[in-house]
Each structure stands twice: as structure tokens, then as C-alpha cells.
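Subject: Structure handover

Hello,

Here is the structure for you to look over. My notes follow below it.

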Amino acid sequence: MKHNAEVQESRHDGLKWAVVVLLLVLAVVGNTYYADQALLYRVLGVVVLCAAAGALALTTGKGRDLAELAKNAKKEIQRVVWPTRPETVQTTAIVLVAVLVVGLMLWLIDTLLSWAMSGVIG
């Protein structure tokens, strides 16, 4: 019985995704068509249509999976041990020094090759 419900759900999911795409296309075309209207009204129309498309997309199987992924990602972010300010400053300084050293080395190599090519060409 559960399998039939999943098949039924996936059949409706295709229709829901078609409506989502239709709403998004309507938002883009409507924004272009009503270009002479005030920007506020066009933005509100696009926001409302995109919100409706997002809400409808979240009712599909993939939309629910995406919402579950977002919840799990939020939980994972809360478990992360973020670096302290001194660690961040120290790491940033190391990266800046490394970039400076590599930049100087590339400049030196470029200058030497340019000098060598000038000597060969004349």
C-alpha cells in the first residue's frame, strides 16, 4: 500500500514541478511585460510568485528532502567548533605572507624570463 502512495505522489510531483516552472516563468515574463509599472509593484509581484513557487516546490518529495537537508545542515553548523579570534588572525597572516612570497617569486621569474627574451630577440 505504501508503494502505491509513493507512485501516486511522484506522479503528482511532476505536475507540481510543472506549475513551479510556470510560476517562475510567469514572474520573469510579467516583470518584463509590466516594465512601465512602478518598481515596487514589480518586485512585490516577483516575490509573491517566487514564494508561491517555493512553497509548492516544498510540497514535493524532492522539496521535503531539501527541507530535511537544510535542517540537518543547521544542526551540523551548530556543532562546529569555530576558531578563536587569535587563531583566525594568525591563519590570515600566514596566508597573506604566503601569497606575498609566491607573488614576489612569480614577479622575479617573469622579470628574468623577460630579460632573457629581450636578450635573445635583440
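Is Val25 buried or exposed, or partly exposed? Val25 has 43% relative accessibility, so it counts as partly exposed. (Buried means under 20% relative accessible area, exposed over 50%, and partly exposed in between, with a 1.4 Å probe and protein chains only.)

Some ground rules before the rest. This is a predicted model, where local features need pLDDT of at least 70, side-chain atom pairs count only at pLDDT 80 or more, and totals for chains, interfaces and linings use all residues. Residues are numbered from 1 along each chain as its sequence is written, and side-chain values use heavy atoms, leaving out hydrogens and water.

Helix H1 and its patch

Val25 sits in helix H1, residues 2–33. (Helices are DSSP runs of H or I, at least four residues, and strands are runs of E, at least two; both are numbered from the N terminus.) Val25 also belongs to a nonpolar surface patch, together with Val21, Val29, Tyr33 and Tyr34. The patch covers about 530 Å². (Patches take residues with over 30% relative accessible area and no salt bridge; like charges are joined within 9 Å, and nonpolar side chains, meaning Val, Leu, Ile, Met, Phe, Trp and Tyr, within 5 Å. Accessible areas come from the Shrake-Rupley method with a 1.4 Å probe; for residues, only the protein chains shown count as cover.)

His12 is in H1 too. With 41% relative accessibility, His12 counts as partly exposed. The C-alpha atoms of His12 and Gly61 are 9.9 Å apart, although 49 residues separate the two along the chain.

Helix H2 and the loop after it

Arg42 lies in helix H2, residues 39–57. Arg42 is buried but has no salt bridge. Its nearest side chain of opposite charge is Asp36, 7.1 Å away. (Lys and Arg count as positive, Asp and Glu as negative; His and the chain ends are not counted.) Leaving out residues up to four places away in sequence, Arg42 touches Asn31, Tyr34, Ala35 and Gln37. (Contact means heavy atoms within 4.5 Å.)

Ala52 is also in H2. Ala52 has a relative accessible area of 36%, so it is partly exposed. From C-alpha to C-alpha, Ala52 and Val19 are 10.0 Å apart, with their positions 33 residues apart in sequence.

Thr60 is in the loop between H2 and H3. Its relative accessible area is 0%, so Thr60 is buried. Thr60 touches Asp13, Lys16 and Trp17, again not counting residues up to four places away in sequence.

The salt bridge

How many salt bridges does a search of the whole structure find? It finds 1. (A salt bridge is a side-chain nitrogen of Lys or Arg within 4 Å of a carboxyl oxygen of Asp or Glu.) Arg79 pairs with Glu76, and the closest N and O atoms are 3.3 Å apart. The two are 3 residues apart in helix H3, residues 61–79, so about one helical turn separates them. Arg79 is exposed because its relative accessibility is 58%. Glu76, at 43%, counts as partly exposed.

Helix H4

H4 has 37 residues, 85–121. At 1.5 Å a residue, H4 should span 54 Å; its end C-alpha atoms are 53 Å apart, which agrees. (The expected span is 1.5 Å times one less than the number of residues.) Gly122 follows H4 and has a positive phi, near 125°.

Best wishes
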